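Here is a short tour of one structure, written to be read with the 3D view open. Let's begin with a single residue and work outwards from there.

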Amino acid sequence: EIAVQAYSHRTQKSKEMYEAARLVMPGGDTRTTAFFRPYPLTVSEGVGPELHDRDGNRYLDFLNNYTSTIHGHAHPKIIERVNHALSLGTSYASVIEEQIILADVLCARVPGIERIRFCNSGTEATMFAIRAARAFTNRAGIIKMEGGYHGTHDTAQSETSSMGVPARVAEDIYAVPFNDVEAMERLLIQRAKEIAAVIVEPVMGSAGVIPPLPGYLEGLRELVNRYDVLLIFDEVQTLRLSTGGAQSKYQVTPDLTALAKIIGGGFPVGAFGGRADIMSLFDPAQSTSLSHGGTFNGNRVTMAAGIASMELLDEHALTRLETLAQRLETGMHETIERLAVPASITRTGSLLHVHFTEQPPINYSSTLLSRNDLAALLHIELINRGIFTAPRGMWNLSTVMTESHIEQAVQAFTDSMNVIAKCV
Ligand code: PLP
């Protein structure tokens, strides 16, 4: 209550914007995921690692548009490339050279991607990866992880948010707990003949940055081989874990991969790629092929920004991110232990999640033990101290952050947890 009052006091203009926005957009915005109570901030500017809201408050951005802006906001190298692209006209129905350059970079970096195609969102990326798997195997069944988020198309959402999704869509979708090879095998023993693919985030992201237990991804790969089912990695969030994504970090290669977010340098993007034999289904020069339209697929601005984003994400940048993220995690751990709050941290590379559970969750159902009221309180306390994170507790870092930003964040976390310790 006090935290919300303090928030409302500091963000009057955001409140006015929210009220005006609600008159024309249900919920006052166009993204369910960006909403939080009492109302979301209206941001007027992003500058490097910071966001500035309409009231002039500044925040260190540990949300980064849900892991997209890995180089912070308005990075000069990205702006330079984008400005050049803008001056050439932004989209036309033809091959664009920048597409080939970004495709080359991603095929070279990501082990499972021999061929790639671009689209405009992670939603489209998983949708087309799934469609390719279904077309290639001539089967309809898809196995996903309980609570796994793969965007907003019907197949992706039928398990977690079924309103408006026909029940027959859900008939082909099976969900098993993450980090449980036995559960996967039990399902495959019963159903393998109907299953086109298993889709999984190698580190579950939206569900709460849940890393794979040692051997889990290897176990999955072995199982899908044995039961002749395809493996799709959703690396929309996890590509940032190494130059070649989580598949490179954990050395498990999927048949198909969905990408988005950081490969667009802050612009709308998606991509799906994989084995050449599967991806050749999309070749319109063949007598039968899978249709893949999209007016803005691979547009020059997004491609230019994506090329710059990938160039900036080299080994050196990744090592720095790892060091900074480790420091953040250590600082948080010290606070949690000292205050003895029932909280835990999960982290892989520059993705981190604060859970209000005694033990770090290993799958979706164990995240449900988390105290949502405390997560919401932490979120608002952090905002009031100039730290912007995901309402549910996810943090991610950008390459323009420095040690002093991390120290600022740890201090704000400690001060916020001091408040929370009095509530538990
Ligand atoms: N897959 C994962 C793992 C994601 O985290 C997201 C977005 O958060 C998506 C897919 C959907 O991407 P988009 O929001 O670009 O449609």
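## Arg109 and its surroundings

In this predicted model, Arg109 counts as partly exposed because 16 other C-beta atoms lie within 10 Å, and a buried residue would need 20 or more while an exposed one would have 12 or fewer. You will find Arg109 in helix α5, which covers residues 97-109.

Now look across to a distant part of the sequence. Arg109 and Ser242 are separated by 133 residues along the chain, yet their C-alpha atoms are 9.3 Å apart in space. Setting aside neighbours within four places in sequence, Arg109 makes contact with Thr243 and Gly244.

## Around the ligand

Which residues come nearest to the ligand? Of the 16 residues around it, they are Ser121, Gly122, Thr123, Gly151 and Val236. Helix α6 (residues 122-137) contributes the most to this shell, supplying three residues.

Sorted by class, the shell holds 10 polar, four nonpolar and two charged residues.

## The nonpolar core

The largest nonpolar core is made up of 114 residues, and Ala197, Ile232 and Ala271 have the most contacts inside it. Helix α6 turns up again here, giving the most to this core with eight residues. At least three core residues come from each of domain 1 (2-70 + 315-421) and domain 2 (76-312).

Ile232 is a good residue to click on. Leaving out residues up to four places away in sequence, Ile232 touches Ala129, Ile130 and Ala133, then Ala197, Val198 and Ile199, and also Pro254, Asp255, Leu256 and Ala258.

Methods: Residues are numbered from 1 along each chain as its sequence is written. This is a predicted model: local features need pLDDT of at least 70, side-chain atom pairs count only at pLDDT 80 or more; totals for chains, interfaces and linings use all residues. Helices (H or I, at least four residues) and strands (E, at least two) are DSSP runs, numbered from the N terminus. Two residues are in contact if their C-beta atoms, placed from the backbone, lie within 7 Å. A residue is near a molecule or strand if its C-beta atom, placed from the backbone, lies within 6 Å of it. Ala, Val, Leu, Ile, Met, Phe, Trp, Tyr, Cys and Pro count as nonpolar, Asp, Glu, Lys and Arg as charged, and the others, Gly among them, as polar. A nonpolar core is a set of buried Ala, Val, Leu, Ile, Met, Phe, Trp, Tyr and Cys residues joined through C-beta atoms within 7 Å. Domain bounds come from an automatic or database domain assignment.
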